[in-house]
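Q: Could you take me through the salt bridges in this model, one partner at a time? I would like to see who pairs with whom, and where the partners sit.

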Amino acid sequence: MSMSAPATSQLAPRSVGEAMKRGAMRRCPACGEGPIFAGYLKVRDHCPNCGEALHHQRADDGPAYFTILVVSHLSAPLLLAIYMLYRPSSAVLIATFLGGAALLSLLLLPVFKGAFIGLQWAKRMHGFGDEPDRPVEP
C-alpha cells in the first residue's frame with residue numbers, strides 16, 4: 001500500500017495574494033505572524049508561531065531575477081533623466097547609481113524571496129501541500 005499525497009482539489013484553497021503579501025512582509029505565509037527568515041535571506045525550517053514547515057521552499061534564482069528586473073527598469077530611465085537635466089560628471093553619476101542600485105537590490109531581495117515563498121505555499125508547490133492545513137490557534 002503506497003502513501004500518496006492528498007489531491008490538491010480535495011484541500012481548501014489558499015489565497016495567493018494574501019500569501020504573497022505575507023511573504024513579502026517577511027512573515028509566515030500560513031499565519032502571517034512568525035518571521036520567515038532567520039537571517040537576511042536564510043529561511044527558517046518552521047514558523048515559530050504556527051509550526052508551518054518552510055524548508056520546502058525552492059525560491060532559487062527567481063527573487064534575484066525580479067530584483068534585477070525592477071532595479072534596472074527604475075535605474076535606467078532615472079539615469080538618463082539625471083544625465084540630460086544636470087550633466088553631472090561620469091564619476092559622480094557612476095558612484096551615485098552604483099550605490100543606489102546596490103542599496104535598492106539589498107532592500108528588494110528579501111521582499112521578492114518572501115513573496116516567492118508565499119506563492120509556493122499558496123499553490124502547494126515543492127512539498128507545501130503534502131499535509132492538510134492545520135487550524136491556526138489564536
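A: Here is a walk through the salt bridges, followed by a brief stop at another helix. Keep in mind that this is a predicted model.

Let's begin with the general idea: side chains of opposite charge can pair when their charged atoms come close. In this structure, the count comes to two salt bridges.

Start with Glu 18 and Lys 21, whose side chains meet in a salt bridge with an N to O distance of 3.9 Å. That fits the cut-off, because a salt bridge asks for a side-chain nitrogen of Lys or Arg within 4 Å of a carboxyl oxygen of Asp or Glu. Both residues belong to helix H1, which covers residues 16-24, and because they are three residues apart there, about one helical turn separates them.

Now turn to Arg 22. Its side chain also meets that of Glu 18 in a salt bridge, here at 3.3 Å from N to O. Arg 22 and Glu 18 are four residues apart in helix H1, so about one helical turn lies between them. Through these shared partners, the salt bridges join Glu 18, Lys 21 and Arg 22 into one network.

How open are these side chains to the surroundings? Lys 21 counts as partly exposed, at 46% relative accessibility, and Glu 18 is partly exposed too, at 32%.

For a contrast, visit Thr 67 in helix H2, which spans residues 62-86. Thr 67 is buried, because its relative accessible area is 4%, under the 20% cut-off. Leaving aside residues up to four places away in sequence, Thr 67 touches Ser 105, Leu 108, Leu 109 and Phe 112.

Methods:
Residues are numbered from 1 along each chain as its sequence is written. This is a predicted model: local features need pLDDT of at least 70, side-chain atom pairs count only at pLDDT 80 or more; totals for chains, interfaces and linings use all residues. Side-chain values use heavy atoms; hydrogens and water are left out. Helices (H or I, at least four residues) and strands (E, at least two) are DSSP runs, numbered from the N terminus. Buried means under 20% relative accessible area, exposed over 50%, partly exposed in between (1.4 Å probe, protein chains only). Contact means heavy atoms within 4.5 Å.
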